[in-house]
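Visitor: I would like a close look at a single helix in this model. Please take me through one, step by step.

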Amino acid sequence: MNDVKSLIVNKNIWLLYILAGILTLIVIYYQWMIGLFLSIVLGLIIFLGLKTEDRLRKKTEQYISTLSYRVKKVGEEALLEMPFGIILFNDEYQIEWANPYMNDFQRQDETLIGENLTTLSENIISAIKDDEEEFWVNIDEKVYQVIVKREEKLLYFFDRTTYSELETKYHNEETILSIIYLDNYEELTQAMDDTSKSHMNSQVTSILNNWSSDYGFYLKRTSQERFIAVMNREILEQLEATKFEILDEVRELISDQNVPLTLSIGIGRGAANLPELGEMAQSSLDLALGRGGDQVAIKNEHGKVKFFGGKTNPMEKRTRVRARVISHALRELVNESEKVIIMGHQMPDMDSIGSSVGILKMVQQNNKDGFIVFDPDGVNTGVQKLMDEIDDDESLADWFITPEQSLDIVSKNTLVVVVDTHKPSMVMEEKLLSRTEHVVVIDHHRRAEEFIEDPTLVYMEPYASSTAELVTELLQYQDGRVKLSTLESSALLAGIIVDTKSFTLRTGSRTFDAASYLRSKGADTVFVQKLLKEDLDVYIKRSELIKNATVYKEGVAIAKGNSGESYGPIIIAQAADTLLTMDGVQASFVISERKDGRVGVSARSLGDINVQVIMEKMNGGGHLTNAATQLEDTTIEQVEEQLRGIIDEYLQGGESS
């Protein structure tokens with residue numbers, strides 16, 4: 001802009017000079033003496049003007065030269081003395097140039113020039129290849145934010161160690177609320193005298209106080225069986241690293257009844273206010289208790305839950321009072337409803353069908369219409385035998401409907417009873433749950449993170465052998481004499497027998513009481529055995545799975561089906577059961593393809609290994625000794641690799657999910 005202005009000024013001056021020269025010539029023509037004088041004067045003016053212009057030009061050039069030098073000097077100083085690192089690299093990710101700030105990263109008498117970027121950190125090249133605009137790396141115990149300029153092949157390193165330390169400090173000091181509950185305190189102390197009860201309280205309090213003192217958190221007993229603890233994230237992470245050994249310490253306290261006392265702990269953590277943390281802690285405790293107790297549940301603000309413990313079978317601690325209360329509450333709900341729809345889980349088993357039949361009889365006992373949702377296309381061979389018998393019984397077959405039919409008859413005043421599952425994704429017809437305001441859940445599985453929303457009544461007893469056992473007890477407390485046919489009572493008994501493996505697993509005294517009641521109602525054990533008979537082809541297929549079994553780790557057997565060959569869930573489960581009878585096998589896992597295209601895993605255990613938490617990490621679930629999962633878009637080999645990794649993690653310590 002200044003050059004343009006100078007050019008315009010010079011033009012104007014020279015125009016004036018030319019005009020003055022013309023006028024001088026005219027004057028010389030008329031008065032040569034005056035014209036000569038004016039010519040001399042004009043010459044002097046032009047000479048002085050050129051002299052002045054030359055002096056100004058030199059002065060300007062000198063100023064510009066000095067300013068350019070200073071700017072260049074400042075640029076060099078800034079580039080070399082800036083408090084952050086600068087690196088230029090080539091296509092092979094070798095360092096071509098680095099500013100002096102990066103000298104701190106080089107070894108004595110060595111230079112970074114020519115070194116690969118991996119010299120600084122293994123993560124730099126991968127981050128550049130992933131088109132990340134910026135990333136963070138740890139170098140020499142410091143944390144750096146790296147900004148990438150790909151076109152220039154340039155990296156900027158900013159020291160963010162202080163920020164990282166502040167973030168870590170904030171993370172470690174995050175408030176954590178915990179509720180600690182003595183699972184079976186009331187049951188253990190009912191028959192104790194004051195001295196024994198005082199001794200147990202003293203022992204428990206001493207153990208928990210020492211625990212809180214060792215880790216430095218606040219602990220307060222709020223009732224006979226409940227404590228509240230306040231800690232921070234750093235302490236919680238230390239407790240997680242020990243896999244909450246306090247569970248084992250308390251369990252070692254043996255009462256006079258030779259029954260161990262167990263703890264359940266619910267923990268709320270995350271960037272939430274204190275009331276929300278309290279709600280998360282209580283929700284976590286409910287979840288831990290719903291899974292059978294003797295474990296820790298940790299829930300964050302996103303609803304994700306992590307579990308520790310749960311390594312022992314839940315103790316049988318339900319009372320007949322609770323069963324009677326639930327039975328009466330269910331009767332009231334039935335009487336207040338227009339009709340009742342009963343459904344179990346997809347691919348139903350004997351327990352699902354048997355318990356559904358039991359609830360149907362309860363509904364009919366109260367003079368209400370009940371319907372069992374059943375999908376004839378999703379049934380296995382064992383259940384098909386029972387369904388064939390039901391189809392021949394008109395008084396029972398008429399009450400079985402398809403999922404499509406159930407959607408046509410459901411209304412807001414319909415009572416929906418879900419048996420043998422509590423996961424909405426596993427029920428026979430999930431749409432029913434949203435089309436009524438009254439849902440009852442009756443289940444014997446440990447509570448999972450996924451749960452039916454806002455049920456009216458929940459009867460979940462994870463220590464029970466089967467849902468059929470729970471339903472049988474509920475039937476005993478209905479008004480009047482419940483009439484069960486041989487087929488109906490046998491269906492309930494079949495559910496118990498299948499889930500207990502003929503009364504060998506998860507069997508308590510109440511299981512035999514329920515079986516005795518059903519036997520008195522006409523249950524035929526020979527008929528049940530006929531239902532449980534298997535085809536020769538099924539036996540051969542199961543044997544093929546067992547033949548492929550290998551011992552992965554001591555006490556852990558894994559069997560795989562042949563690729564491209566599908567196996568039914570019953571065969572997979574039976575193969576896992578059979579492997580469990582082998583000498584030295586504490587847990588068995590059977591992997592195979594299913595007819596629906598998914599890969600199924602059936603897991604069994606004698607109790608020392610919690611297969612439930614292992615299956616939960618594979619989006620499955622079940623019990624400590626009996627669990628399963630089904631995975632989509634994967635192969636047997638991939639599932640086996642994933643399973644081996646989870647087993648390794650489990651055997652090294654606690655469980656989370």
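Guide: What follows is a walk along helix α6, then a short look at a surface patch elsewhere. Keep in mind that this is a predicted model.

Start with the length. Helix α6 covers residues 194-215, which makes 22 residues. At 1.5 Å a residue, the helix should span 32 Å. Its end C-alpha atoms are 32 Å apart, so expectation and model agree.

Now the buried side. In α6, the buried residues are S196, M200, N201, V204, I207, L208, W211 and S212. Down the helix axis, these buried residues fall within an arc of 135°, so they line one face of α6. The spacing fits a general rule. An α-helix has 3.6 residues a turn, so residues three or four places apart point the same way.

Turn to the other side of α6. There D194, T195, S213 and D214 are exposed. Exposed here means over 50% relative accessible area, whereas buried means under 20%.

After the helix comes G216. The phi of G216 is positive, near 75°.

For contrast, look at the nonpolar surface patch. Its area is about 1,200 Å². Among its residues are L25, I28, W32, F37 and V41. Two elements, α1 (2-30) and α2 (32-81), give two or more residues each to the patch. Helix α2 gives the most, with 10 residues. One patch member, V41, is found in α2. V41 has a relative accessible area of 30%, so it counts as partly exposed.

Methods
Residues numbered from 1 in each chain as written. Predicted model: local features only at pLDDT ≥ 70, side-chain atom pairs only at ≥ 80, totals over all residues. Heavy atoms only, no water. Helix = DSSP H or I, 4+ residues; strand = E, 2+ residues; numbered from the N terminus. Expected span 1.5 Å × (residues − 1). Buried < 20%, exposed > 50% of the residue type's maximum accessible area, 1.4 Å probe, protein only. Arc of directions from axis to C-beta. Patch = residues over 30% accessible without salt bridge, like charges linked within 9 Å, V, L, I, M, F, W, Y side chains within 5 Å. Areas by Shrake-Rupley, 256 points an atom, 1.4 Å probe, with all protein chains shown as cover. Salt bridge = Lys/Arg side-chain N within 4 Å of Asp/Glu carboxyl O.
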